[in-house]
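Q: Look at the model below, and let each term be set against the definition behind it.

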Amino acid sequence: MSNQDWSFQTKLLHNDTKVDKETGAVSVPIHHTSTFHQFDLDEFGKYDYARSGNPTREALEQAIAELEGGARGMAFSSGMAAISTAFLLLSQGDHVLVTEDVYGGTFRMVTDVLSRFGIEHTFVDMTDLHKVASEIRPNTKVIYMETPSNPLLKVTDIRGIVNLAKANGCLTFLDNTFLTPELQRPLELGVDVVLHSATKFLAGHSDVLAGLAVAKDAELGDRLYKLQNAFGAVLGAQDCWLVLRGLKTLHVRLKQSSSSALKIAEYLSRHPKVETVYYPGLSYHPGYETQQYQADGAGAVLSFKLADRDAVKILLQNVKLPVFAVSLGGVESILSYPAKMSHAAMPQEEREKRGISDGLLRFSVGLENVDDLIKDLDDALEKLPIIKKEESVR
Ligand SMILES: *Cc1c(COP(=O)(O)O)cnc(C)c1O
């Protein structure tokens, strides 16, 4: 059996760096060094300065490249550092098409920063391929996807977008934070660059901030590596190790959390005080079929809409298990309020246009017992006033 035949679950544990070649250590050594002694004036060693390369970081970069099936991986100080560095592939006068309900930080990068450098953008509903096609311009260089999207879990047909991009000479970027390569491998579907906030499921323990990028081919990998080195937002050795440790349990964590997420989504969708549930694992979700086709699961994040802000407040005062916080993808369940958290950078008008209303909560399901989670939600929902349900979008 060759490495290629191993399942993803096995590959998480068995890679080139599973045993340190020098010492036999079964955990990648943390090389806390900023520079490397050169033994010979004429022939420098593999490493010279840690911004350009560090063995601990390299172990993580190799691991994610292999898991995503790409040519080269790069580790950054945050997801936004990875995303922003990838955007540096663009030049003045270029145009980028961005999915409408993109992560708030990416929205800010595109609207506040790229615009100052003469890089144009258009936001488009990527669930509609015709709309996407109609927004492509002669100077469109990148189509930027996030699927399932944040926080409404809209599903983009990855292959459909890739075909459009190829026909128009554009690159495709995809933020794969919500599903990770465990559930979705965009490079296999033709995407050029996969981006991650490894802060979330990949590291998985709410204890580190990290970003990753994987390029599909060596040429693009080389260009991205030069930008990583030039911009300098690399991930420190200690944090690389934390992400590597988190990766080892990715399979079991996502398996457990996704199965709980489905049960919770089903429970919430039956609850009279919940207006709408957004989860691509529910058969009535508009992206269900696409999700089934292009991914191995629906993931561990769902959103649901209560009547209004007051209902959200009552729920939050009464739940005992989930933490109420920015972020997702931790071992503990996390409830977030997109309007004031992930999408605070988006003006209210833009938010509401995208359906990110004041009654919307996002739930990142952790590793608690699912019956305990449901009981906790049930007790809290009990405290909400009864609402009329005719406006439910089911
Ligand atoms: C958190 C997040 C980011 C940003 O990552 P950081 O590590 O916080 O910089 C980008 N995209 C998505 C989908 C995220 O959830």
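A: A polar contact is a pair of N or O atoms within 3.5 Å. The model is a predicted one, and the terms used for it are taken in turn.

Q: What makes the pair between the ligand and the side chain of Thr199 a polar contact?
A: An oxygen atom of the ligand is 2.7 Å from an N or O atom in the side chain of Thr199. The limit is 3.5 Å for a pair of N or O atoms, so the pair counts as a polar contact.

Q: How do you know that Lys200 and Gly79 also make polar contacts with the ligand?
A: For Lys200, a side-chain N or O atom is 2.7 Å from an oxygen atom of the ligand. For Gly79, a polar backbone atom is 2.8 Å from a ligand oxygen. Both pairs fall within 3.5 Å and therefore qualify. Of the area of 380 Å² that the ligand exposes when taken alone, the protein buries 93%.

Q: Which residues surround the ligand most closely, and which helix gives the most to the shell?
A: The shell has 14 residues, and the closest are Gly79, Met80, Asp175, Thr199 and Lys200. Helix α3, residues 79-87, gives the most, with 3 residues. By class the shell holds 6 nonpolar, 5 polar and 3 charged residues.

Q: Why are β8 and β10 called edge strands?
A: The open sheet of 5 strands has the order β8-β9-β12-β11-β10, with mixed pairing. β8 (276-278) and β10 (323-324) each have a single partner strand, so one side of each is left without a neighbour in the sheet.

Q: How do you know that β11 and β12 pair?
A: Pairing needs at least two bridges. Strand β11 (residues 334-336) is joined to strand β12 (residues 360-364) by 3 bridges, so the two pair, and they run antiparallel. Within this pair, Leu335 has Phe363 of β12 as its bridge partner. Helix α12 (residues 309-318) packs on the sheet and touches β9 (301-305), β10, β11 and β12. The direction of α12 makes about 35° with that of β12.

Q: Which strands are the edges of the sheet of 7 strands?
A: This open sheet has the order β1-β7-β6-β5-β4-β2-β3, and its pairing is mixed. The edge strands are β1 (72-76) and β3 (120-124), each pairing on one side only. From one strand to the next the twist averages 20°.

Q: What makes β2 and β3 a pair?
A: Strand β2 (residues 95-99) is joined to β3 by 5 bridges, and the two run parallel. At least two bridges are required, so β2 and β3 pair. The bridge partner of Val96 in β3 is His121.

Q: Which helices lie across β1, β5, β6 and β7?
A: Helix α3 lies across β1, β2, β4 (140-146), β5 (171-175), β6 (193-197) and β7 (211-215), at about 155° to β6. Helix α8 (residues 218-231) lies across β1, β5, β6 and β7, at about 20° to β1.

Q: Where are Pro148 and Pro151, and what is the form of the peptide bonds that lead to them?
A: Pro148 is in the loop between β4 and α6 (158-167). Pro151 is found in the loop between β4 and α6. The bond joining Thr147 and Pro148 is cis, with omega about -5°. The bond from Asn150 to Pro151 is cis, with omega near 5°.

Q: What is the phi of Leu153, and where does this residue lie?
A: Phi of Leu153 is near 55°, a positive value in a residue other than glycine. Leu153 lies in the loop between β4 and α6.

Technical notes. Residues numbered from 1 in each chain as written. Predicted model: local features only at pLDDT ≥ 70, side-chain atom pairs only at ≥ 80, totals over all residues. Heavy atoms only, no water. Helix = DSSP H or I, 4+ residues; strand = E, 2+ residues; numbered from the N terminus. Contact = heavy atoms within 4.5 Å. Axes fitted to C-alpha atoms, helices over the stretch in contact; angles between N-to-C directions. Near = heavy atom within 4 Å. Polar contact = N/O pair within 3.5 Å; in protein donor to acceptor, adjacent residues only side chain to side chain. Areas by Shrake-Rupley, 256 points an atom, 1.4 Å probe, with all protein chains shown as cover. Nonpolar A, V, L, I, M, F, W, Y, C, P; charged D, E, K, R; others polar.
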